[in-house]
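Me: I am new to this structure and would like to go through it step by step. Could you take my questions in turn and explain how you reach each answer?

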Amino acid sequence: TSGSEENDVVIIGGGPGGYVAAIKAAQLGLKTTCIEKRGTLGGTCLNVGCIPSKALLHSSHMFHEAQHSFASHGVKFSSVEVDLPAMMAQKDKAVSTLTRGIEGLFKKNKVSYVKGYGKLVSPSEVSVDTIDGGTTVVKGKNIIIATGSDVKSLPGITIDEEKIVSSTGALALKKIPKKLVVIGAGYIGLEMGSVWRRLGSEVTVVEFAPDIVPSMDGEVRKQFQRMLEKQKMKFMLKTKVVGVDTSGDGVKLTLEPASGGDQTTLEADVVLVSAGRNPFTAGLGLDKIGVETDKVGRILVNERFATNVSGVYAIGDVIPGPMLAHKAEEDGVACVEFIAGKHGHVDYDKVPGVVYTHPEVASVGKTEEQVKALGVEYRVGKFPLLANSRAKAIDDAEGLVKVIAEKETDKILGVHIMAPNAGELIHEAALALAYGAASEDIARVCHAHPTMSEALKEAAMATHDKPIHI
Ligand code: FAD
């Protein structure tokens, strides 16, 4: 096996961080082995995260549109129903095609792939308990830890993936729950809540904090919450779960105001716990070689992704920073560029964030709250989707674009978009931000008509001039 020869780079974990690092390392001419315990490549993202959730979001959106929107577009049929096994099969097909695709990319790039659980035995050796029951030692001049993250539970709540599920269970429910309670109003909870809401579940989101998705721009967040409420998602904010009883048919939750007070109960058929994720380093042997972690178990690295142990690096969800697939990928590329003696770079201020509900909410750069806190003088340009011709043409005009620019220089500081396909629209703003563009730069670029991108152009106009269509 690959253990017999020394590698330039050994990567533990085959998620977006690890597999991208492996391919890039091989492309840079480094002899590379990737170790993955799951049996398939792609990590959380492809197997139980980004990809299956987007598959179900799309399928459930189609059902919802068929039920509620087609008729007004003059498309009529007598009945529409959900075939849940078929919906799940389409999701599974998307996952297996993509994970197999990465195996193909490994072969193409000559990355060795070892299926098994890797444990650090020294700063240059990983012992692997292979999936087929054997053990092998893989040696490398450099080791990259890309072991990702795992679901976080809450004290007193045991996830059984049937009645009390994590996002993994919520992606594979066998029937549509009548009542779904989501604990945690982060993007994962809201996306999975949206899926089941569209398929017919009554969805209540319980959140300890006063707001949903805390990282979002406050003004956009308010509109976002209103939109979810219009879709009949219920919110119980500033509320904590203090008890869970699964002895009956369903689940009975005991709730209490976050600041203390009278208890209430809430019943559900299924409870989704989406209260965040923990870095995953179980059984990895970090102590054995002395790799430093912070209080919550994230591996500490410097700007070159190097841990305190020479030759050992870490990237992705297992280190501090936004727990996002594209961030893990950027880490992976930059880390191997450093190892190869080149220069790597990730700008963490410009990592886009997207919530894939309908409409989507996407942002890049700073929120208005962050800009205020920095004491920078700024201007805000806004444009509602209601005034965008394409959005009106397709009767999908809920949302807005908000551009925040520095007052003195007009330099773009942050862009926030709530719109169908906002996750695609945001990259024009990401590019502008990366190039240090002024909002006038966007405003003076010719945008095709009719497109929703014109809403970004008009919001950019509104920071320093007047928009045309409102
Ligand atoms: P992971 O993807 O977690 O991969 C780590 C891999 O390492 C795993 O496959 C694991 O089996 C393996 N491993 C761990 N320990 C060992 C060991 N000792 N030996 C061998 N192998 C090991 N992010 C987005 O950007 N967009 C989204 O839309 C999005 N949606 C999400 C939806 C859900 C429901 C969830 C749960 C997450 C979502 N994420 C999304 C987050 C995204 O999945 C993660 O940020 C990303 O997967 C992190 O990549 P990673 O490579 O660091 O770790």
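**Questions on a predicted model**

Reply: To begin with a single residue, Lys 110 lies in the loop between helix 4 and strand 3. The model is predicted, and its protein chain averages a pLDDT of 97.

Me: What is the value of phi at Lys 110?
Reply: Most residues other than glycine have a negative phi. Lys 110 is a residue other than glycine with a positive value, and its phi is near 60°.

Me: What scores does the model carry for ipTM and pTM?
Reply: Residue by residue, 99% of the residues score a pLDDT of at least 70. For the model, the two scores are ipTM 0.99 and pTM 0.97.

Me: Which residues come nearest to the ligand?
Reply: The shell around the ligand draws at least two residues from each of several elements, including helix 1 (16-27), helix 3 (50-68) and helix 9 (325-339), along with strand 2 (32-36) and strand 3 (112-122). Its residues divide into 15 nonpolar, 17 polar and 4 charged. Of the 36 residues around the ligand, those that come nearest are Gly 13, Gly 15, Gly 43, Gly 148 and Gly 316.

Me: Are helix 1 and helix 4 roughly parallel or roughly antiparallel?
Reply: Helix 1 packs against helix 4 (residues 84-109) at an angle of about 20°, and their axes are 9 Å apart. Because angles under 35 degrees count as roughly parallel, the relation of helix 1 to helix 4 is roughly parallel.

Me: How many residues of the contact of helix 1 with helix 4 are nonpolar?
Reply: Helix 1 passes helix 4 in a left-handed crossing. The contact is made by Tyr 19, Ala 22, Ile 23, Ala 26 and Gln 27 of helix 1, together with Ile 102, Leu 105, Phe 106 and Asn 109 of helix 4. In this contact no residues are charged and 2 are polar, while the nonpolar ones number 7.

Me: How many residues of the contact of helix 3 with helix 6 are charged?
Reply: Helix 3 and helix 6 (residues 187-198) pack at an angle of about 35° with their axes 9 Å apart, and helix 3 passes helix 6 in a left-handed crossing. Among the residues that make the contact are Leu 56, Leu 57 and Phe 63 of helix 3 and Glu 191, Met 192 and Arg 198 of helix 6. The contact divides into 5 nonpolar and 5 polar residues, and the charged ones number 2.

Me: Where is the place of Pro 450?
Reply: Most peptide bonds are trans. A cis peptide bond, however, joins His 449 and Pro 450, with omega about -10°. The place of Pro 450 is in the loop between helix 13 (439-443) and helix 14 (453-464).

Me: Is the peptide bond from His 358 to Pro 359 cis or trans?
Reply: Pro 359 is found in the loop between strand 17 (353-355) and strand 18 (360-365). The peptide bond that leads to Pro 359 from His 358 has omega near -10° and is cis.

Key
Residues are numbered from 1 along each chain as its sequence is written. This is a predicted model: local features need pLDDT of at least 70, side-chain atom pairs count only at pLDDT 80 or more; totals for chains, interfaces and linings use all residues. A residue is near a molecule or strand if its C-beta atom, placed from the backbone, lies within 6 Å of it. Helices (H or I, at least four residues) and strands (E, at least two) are DSSP runs, numbered from the N terminus. Ala, Val, Leu, Ile, Met, Phe, Trp, Tyr, Cys and Pro count as nonpolar, Asp, Glu, Lys and Arg as charged, and the others, Gly among them, as polar. Axes are lines fitted to C-alpha atoms, for helices over the stretch in contact, and angles run from 0 to 180 degrees between N-to-C directions. Angles under 35 degrees count as roughly parallel, over 145 as roughly antiparallel, 65 to 115 as roughly perpendicular and the rest as oblique. A crossing is left-handed if the near helix is turned anticlockwise from the far one by less than a right angle, and right-handed if clockwise. Two residues are in contact if their C-beta atoms, placed from the backbone, lie within 7 Å. pLDDT is the predictor's confidence in each residue, from 0 to 100.
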